[in-house]
Amino acid sequence: MSASTGALHRFVVFGDVVGSGRLGMGDKRLVRAALYEAFGEAYASVGIEPGTVHQEDRGDGILAALRPDVPPDLMAGRWIDTLHRSLREHNARSRVRLRLRVGMNAGLVLDDGRGLVGRAVDLACRLCDSAPARRIMADAPDSDLLIVVSDWLYRTVVAEGGRYIEPDHYRREAVVAKETAEDAWFLVPGLLAPPQDRRDRERDGGREAARDPRDGGHRTGGGPSRGDGPPPAPAQAPGSRTYTAGRDMQIVEGNTFHGGFTGIRNDGGGRDDDSRDNARDNARADARRDEDGRGGRERRA
């Protein structure tokens with residue numbers, strides 16, 4: 001008999017309270033009550049009646065698997081919107097703030113009488129507990145909710161759009177944890193996009209610094225080509241202009257050149273030709289400097 005016998009394709013949700021380890025027993029009770037209330041309101045908003053969803057308590061979180069007939073676009077849209085509003089309303093009136101990370105996935109799920117089993121369950125939990133999810137909530141301290149969906153769920157449900165679904169507000173990041181190594185999609189309701197990792201910001205900032213809007217986004221400047229475009233051009237003096245016309249003409253106006261400048265040439269050949277020409281020019285410049293240096297010493301002598 002197949003191990004998947006009895007398994008059904010179900011929508012899986014795993015919600016986890018942020019920072020629950022810092023709460024005392026009284027505050028934990030308040031947060032847990034608010035968590036179940038918010039989930040209940042979200043279920044009701046998509047027509048899921050109490051008792052019709054398999055839900056397991058995880059201490060400071062909830063694991064749930066929905067009936068196979070629940071439309072996934074309602075969960076990716078109205079359910080998230082209602083959950084977000086419930087959290088905001090609670091936090092506006094309560095002295096104990098409730099913040100949630102929620103992982104979402106769908107796939108074959110088996111209820112073996114002891115709980116939920118299946119890779120879809122494992123992935124939903126790992127997405128929720130992933131390092132990017134924790135980092136995003138740390139970088140968005142004013143946000144109450146983070147949604148993480150699997151790549152499959154994003155491509156098949158979220159990307160199609162619909163009421164309350166905002167696919168353009170998700171950001172994709174890689175998740176590596178245990179046996180998991182795949183892309184996931186992150187949403188912080190109320191933000192155009194989740195906060196970006198510092199390393200990604202620095203990398204993207206470098207790309208933007210190398211872009212020249214006058215050249216359609218391509219890098220510009222002198223120097224031999226290395227296959228990915230020439231290096232960026234330095235800032236030009238006010239009023240200076242450079243015109244480039246293919247390989248046949250280049251006009252430079254209003255520029256000041258410093259150092260051992262030897263001339264401007266078009267790329268008449270491949271990278272080997274450039275290397276030979278540059279080496280020859282550098283050798284000539286070195287020879288001139290050596291000769292000037294000897295002459296100066298002789299005159300001083």
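Start by selecting Asp-144, which is buried at a relative accessible area of 10% (buried is under 20% relative accessible area, exposed over 50%, partly exposed in between, with a 1.4 Å probe and protein chains only). This is a predicted model, in which local features need pLDDT of at least 70 and side-chain atom pairs count only at pLDDT 80 or more, while totals for chains, interfaces and linings use all residues. Residues are numbered from 1 along each chain as its sequence is written, and side-chain values use heavy atoms, with hydrogens and water left out.

**Stop 1: salt bridges**

Keep Asp-144 on screen and add Arg-97: the two form a salt bridge, with the closest N and O atoms 3.1 Å apart (a side-chain nitrogen of Lys or Arg within 4 Å of a carboxyl oxygen of Asp or Glu). Arg-97 sits in the loop between α2 and β4, and Asp-144 in the loop between α4 (131–139) and β6, so the pair ties together parts that are 47 residues apart in sequence. Helices (H or I, at least four residues) and strands (E, at least two) are DSSP runs, numbered from the N terminus. Unlike buried Asp-144, Arg-97 is partly exposed, at 37% relative accessibility.

Now select Glu-173 and Arg-135, another salt bridge, whose closest N and O atoms are 2.6 Å apart. Glu-173 belongs to strand β7 and Arg-135 to helix α4, so this pair links parts 38 residues apart in sequence. Both ends are buried: Glu-173 has 12% relative accessibility, and Arg-135 has a relative accessible area of 17%.

For a third pair, pick Arg-32 and Asp-57, where the closest N and O atoms are 2.9 Å apart. Helix α1 holds Arg-32 and strand β2 holds Asp-57, so the bridge ties together parts that are 25 residues apart in sequence. Here Arg-32 is partly exposed at 32% relative accessibility, and so is Asp-57, at 38%.

Then show Asp-16, Arg-101, Asp-129 and Arg-134 together, as they are linked in a network of salt bridges. Over the whole structure, a search finds 15 salt bridges.

**Stop 2: helix α1**

Colour α1 (25–45) next. At 1.5 Å a residue, its 21 residues should span 30 Å, and its end C-alpha atoms are 31 Å apart, which agrees (the expected span is 1.5 Å times one less than the number of residues). Its buried residues are Val-31, Ala-34, Leu-35, Ala-38, Phe-39, Ala-42 and Tyr-43. Display what covers them, including β1, β2 (54–57), β3, α2 and β4. Just after the helix, look at Gly-47, which takes a positive phi of about 80 degrees.

**Stop 3: Trp-79 and the core**

Which residues does Trp-79 contact, leaving aside neighbours within four places in sequence? They are Val-13, Phe-39, Ala-42, Tyr-43, Ser-45, Val-46, Leu-74, Val-102 and Met-104 (contact means heavy atoms within 4.5 Å). Trp-79 is itself buried, with a relative accessible area of 0%.

Zoom out to the largest nonpolar core, which has 39 residues; Trp-79, Leu-83, Leu-100 and Met-104 touch the most other members. Such a core is a set of buried Ala, Val, Leu, Ile, Met, Phe, Trp, Tyr and Cys residues joined through side-chain atoms within 4.5 Å. Among the elements giving two or more residues to this core are α2 (72–93), β4 (100–111) and β8 (180–187). Helix α1 gives the most, with 7 residues.

**Stop 4: aromatic pairs**

The whole structure has 5 aromatic pairs (ring centres of Phe, Tyr and Trp, the last by its six-membered ring, within 6.5 Å; planes under 30 degrees apart are stacked, over 60 edge-to-face, the rest tilted). Select Phe-39 with Trp-79: this pair is edge-to-face, 5.3 Å centre to centre and with 90 degrees between the planes. Phe-39 lies in helix α1 and Trp-79 in helix α2, so the pair joins parts 40 residues apart in sequence. Add Tyr-43, and you have one aromatic cluster of Phe-39, Tyr-43 and Trp-79. Phe-39 is buried too, with a relative accessible area of 0%.

Move to Tyr-154 and Trp-185, whose ring centres are 3.7 Å apart with planes at 5 degrees, so the pair is stacked. Tyr-154 lies in helix α5 and Trp-185 in strand β8, so parts 31 residues apart in sequence are tied together.

**Stop 5: strand β8**

Stay with Trp-185, the bridge partner of Arg-172. Strands β7 (residues 171–177) and β8 pair in the antiparallel sense over 7 bridges (strands pair if DSSP finds at least two bridges between them). Their hairpin has 2 residues between the strands, and Lys-178 there takes a positive phi near 55 degrees. Finish with β6, which pairs with β8 in the antiparallel sense over 4 bridges; select Ser-150 to find Ala-184 of β8 opposite.
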